[in-house]
Each structure stands twice: as structure tokens, then as C-alpha cells.
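This report covers how two protein chains are arranged and how they meet a DNA strand.

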Protein chains: 2
Amino acid sequence: MQTKSEITISNILSAAEGLFLARQYADVTMEQIAAACDVTKGAIYYHFPSKEKLYLAMLHADLDEKRALLGEAIASRADCAERLRRLTRRFFDLPAEKRELIRLIRRDINVFEGAARDDLVRTYQASLPELVEEVIRDGIAAGELAPGDPRLLSWHFVALVEVVLADYAASVIPGAESKIEYVLNLFLNGAGNQRNGECPCP
Amino acid sequence: MQTKSEITISNILSAAEGLFLARQYADVTMEQIAAACDVTKGAIYYHFPSKEKLYLAMLHADLDEKRALLGEAIASRADCAERLRRLTRRFFDLPAEKRELIRLIRRDINVFEGAARDDLVRTYQASLPELVEEVIRDGIAAGELAPGDPRLLSWHFVALVEVVLADYAASVIPGAESKIEYVLNLFLNGAGNQRNGECPCP
DNA sequence: GGTAAAACATACCTACCGGTCGGTTTGTTT
DNA sequence: AAACAAACCGACCGGTAGGTATGTTTTACC
């Protein structure tokens with residue numbers, strides 16, 4: 001069973017997540033967070049030493065959870081395309097708010113400096129791109145993907161997923177499954193018209 | 001000849017650009033901007049009614065300029081790949097600060113609400129992605145690109161450019177020209193190993 | 001070169017926000 | 001039920017930053 005304290009902390013983190021996702025770091029006040037989970041500012045400062053620590057704690061909790069979830073999806077011996085497909089599908093299965101976390105970090109990453117910033121970057125790198133990177137590295141080794149830098153390719157893949165995540169995409173590509181296939185096809189085969197490529201054998 | 005007022009306005013916009021690029025909107029103070037161009041806060045408020053208006057004015061000026069510059073690059077009758085190449089090259093030729101503007105908008109877009117926000121989105125859309133979209137639309141019509149939604153593909157292309165713009169990419173892909181070819185190749189042909197595709201003719 | 005208006009500078013106001021602290025409630029132990 | 005600790009409240013402080021009011025200089029034009 002959870003103690004009273006754990007419940008409160010969980011509530012605070014949850015409220016903080018919602019607000020930090022909606023607005024920028026500086027535009028979210030501690031009192032707004034407090035009001036959102038029916039406590040006062042004093043209660044938050046009882047559990048967290050500062051606004052910055054609260055933000056980082058919320059990020060860590062969220063990314064750890066997400067990483068564990070997504071990590072399962074690539075733990076298979078399938079080929080590269082299939083592993084990427086499973087990973088993306090699992091990502092799409094996440095509640096919408098959770099998926100926004102990546103954009104959140106890219107947005108607020110300039111708020112902090114020094115150690116806190118490095119910590120943020122590392123935590124982010126370890127969340128999604130690193131998982132993709134692992135799959136891509138294997139894919140290159142197996143000859144399924146063309147040679148290239150795995151990390152750069154993983155960023156490309158993540159960026160592609162982000163594109164499909166935009167509101168506009170929903171009006172063009174309906175349904176999660178077709179979005180996934182869209183991403184995979186574009187990533188593997190590109191946007192060029194393959195039929196234009198001449199077949200070497202007459 | 002420029003009047004004194006125009007020079008001051010230009011200085012303010014230039015200083016604002018540098019600071020807004022380096023930090024988040026809320027973390028840039030009016031006094032910092034004032035100090036950066038050797039005036040006082042009062043002078044800024046003489047020319048701009050508010051911080052928000054100053055930010056938007058600086059964005060508009062920058063994007064207008066950039067759009068004019070990039071627009072020339074696609075005004076040719078070359079094929080799709082070549083036009084994209086020229087557009088990207090022109091983009092890479094921009095001073096580093098100017099290239100960061102895209103990321104800036106994506107970062108600060110949540111600061112504003114209502115009309116100001118819509119204005120921001122429209123201005124952004126009209127800057128880079130719309131130019132790419134035009135080229136891609138032609139490319140699809142000419143059969144050079146596989147059928148697909150032009151706008152979504154343009155976002156994909158822009159995202160790819162952004163990936164290559166990251167610091168890490170410099171350590172993997174040296175030189176602007178090879179970055180451009182990397183982007184084009186990945187966009188047109190994808191990351192999949194084409195040699196794996198069986199040739200239908202025996 | 002004189003003058004009115006534009007273009008600043010200076011000082012100040014006010015709202016807000018992160019953080020603190022004394023005190024109060026609630027729960028637990030003995 | 002006394003004693004103690006954990007959890008929480010709410011008023012408050014210090015600093016800050018957007019914005020303004022007013023005085024001063026500079027520009028532009030005659």
C-alpha cells in the first residue's frame with residue numbers, strides 16, 4: 001500500500017506533468033501546480049527542494065516508465081523492420097500526453113545549465129533514440145539497412161515519428177497502424193519513386 | 001539614407017534576435033535586449049508596444065528575409081532532387097544563427113495564445129516548409145516522387161535537415177556538401193539496403 | 001541656428017513568483 | 001492520553017521584470 005506521502009508526491013508529479021506539457025517551464029508557477037492537485041505550495045516544498053528538482057524528478061519518473069515499456073518492444077529476434085514496427089506501435093499505444101514528453105525536453109532544454117542540463121540531455125538520449133539506435137545498429141550489421149551512422153539514423157527515425165504525430169497528419173493518415181506503415185515505408189524506402197529506378201537486367 | 005529611428009529599430013531587432021535564439025522567451029529580459037544594443041528600456045518601449053510585439057516583429061522580419069532568399073533557390077526548372085539540393089544548399093549557406101530560427105519557433109510557440117499564436121504558426125509554415133512543399137508537389141506530379149501528401153513530406157524533409165544540423169552530425173558527416181547529399185539520399189532512397197530488393201527479372 | 005517634435009534616458013511603479021517560516025493538523029507510537 | 005513526528009497550511013519576503021511617467025537630449029526641418 002502507498003503511504004500518504006507517496007500519494008501526494010504522485011499527485012504532485014502528475015499535476016506538474018500536465019502543466020509542464022501545456023506551457024513552458026517559466027510559465028508554470030508552483031502555485032498552479034499546487035492548485036492542480038489540491039495542496040498548497042508549502043506541501044510541494046516539503047517534498048521537493050526546488051522547482052527545478054521537481055521538474056527533473058517528474059521527467060525522470062516519466063522517462064524511466066516509458067523506457068521500460070518500450071524496451072520490451074524491441075526485445076525480440078525479429079528483423080529490423082519488424083522490431084521498429086513493434087517499437088513504434090508500442091509508442092503509439094502510449095496515452096497522448098506521454099508521447100509529448102520528447103517535444104517537452106527539446107523545448108525546455110535551454111532552461112537549465114551545467115549539471116542539470118547535462119542530466120536532462122542524457123536522460124532524454126536514453127529514452128527513445130537510444131532504443132531505436134540499438135535496433136538500427138543491428139539492422140546495419142545484418143545488412144538490412146544501408147551502412148550509416150546509427151545514432152544519426154535513429155534521430156531521423158524519431159523525427160519521422162514526430163512528424164506523423166502532428167495534428168495535421170491525423171487528417172491525412174487515419175489510424176495508428178497506417179501511420180506506422182507510413183513511417184516505416186518512408187524510412188526504409190524513401191520518398192523517391194522506386195519505379196523510376198531502371199532494372200539493370202534487360 | 002536611413003533615419004536614426006530606423007537604425008535604432010534595426011539594432012533592437014538584431015539584439016533581440018541574438019538573445020531570443022540563445023535563451024527562452026521568458027528568460028530574455030527587456031533590459032538585456034536594451035543593454036545589448038546600447039539603449040535603455042525606455043527606448044525600446046518607444047518603438048515597440050510590448051515584449052510580445054517585439055518578439056513577433058523580429059520573427060517576421062527574419063522570416064521574410066529568409067523566405068525571399070530561399071525562394072530564389074527553387075525558382076528553376078530543374079528536377080525535384082536538384083531543386084531540393086539547391087534549396088538545402090542555400091539554407092546551409094545562411095549564417096548559423098539564422099538557421100536556428102526554425103527551432104526557435106518550435107520552442108517558443110507555446111508562449112503565446114490566441115491570435116498571436118496563430119500568427120506565429122502561419123508565419124512559420126510560410127517560411128521553410130511551404131517552399132519545400134511546393135517543390136515536392138511538383139516532384140510528385142512529375143512522377144519523380146512516390147505519391148503522398150506534400151505537406152507531410154515537406155515536414156519530413158525539414159526534420160531531416162534539422163537532424164543533420166545537430167552538433168553531433170558535424171562529427172560524423174564533415175562538410176556542408178556531404179550533409180546535403182546525405183539528406184537527399186536518405187529522403188529519396190531511405191535507409192533500407194536497396195541491394196536486398198530482389199530484381200524481378202531473373 | 002532656432003525650434004518643435006521625435007528620440008531617447010532616468011526613475012519609478014506594480015504585479016508576480018520562487019522560496020521561507022512559524023504554526024497547525026493529522027497520524028503513530030508507547 | 002501524552003508525546004512525538006510527519007504532513008501540510010498560509011502569510012510573508014526579496015528579488016525581478018514588464019511597463020509607465022516624466023524629464024532631457026537630439027534630430028529634422030525651416
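The sections below take up the model, its symmetry and its DNA contacts.

## Basis of the model

This is a predicted model: local features need pLDDT of at least 70, side-chain atom pairs count only at pLDDT 80 or more, and totals for chains, interfaces and linings use all residues. Residues are numbered from 1 along each chain as its sequence is written, chains are lettered from A and ligands numbered from 1 in the order in which they are written, and side-chain values use heavy atoms, leaving out hydrogens and water.

## Symmetry of the two chains

A turn of 179 degrees and a shift of 0.0 Å along the axis lay chain A on chain B with an RMSD of 0.2 Å (least-squares superposition on C-alpha atoms of residues with pLDDT of at least 70 in both). That is the relation of a two-fold axis. The same surface serves both copies, as 98% of the contact residues of chain A recur in chain B (contact: heavy atoms within 4.5 Å).

In chain A, the residue closest to the rotation axis is A:Gly190, at 1.9 Å (C-alpha).

## Surface near DNA strand C

DNA strand C is surrounded by 16 residues, the closest being A:Lys41, A:Tyr45, A:Lys51, B:Thr40 and B:Tyr46 (near: a heavy atom within 4 Å). Of the strand's atoms within 4 Å of the protein, 67% belong to sugar or phosphate and the rest to bases.

## Polar contacts to the strand

A polar side-chain atom of A:Lys41 lies 2.6 Å from a base oxygen of DNA strand C (polar contact: N or O atoms within 3.5 Å). On chain B, side-chain N or O atoms lie by phosphate oxygens of the strand: the distance is 2.8 Å for B:Tyr46 and 3.2 Å for B:Ser5.

How values were computed. A polar contact is a pair of N or O atoms within 3.5 Å; within protein, one must be able to donate a hydrogen and the other to accept it, and residues adjacent in sequence count only if both atoms are side-chain atoms.
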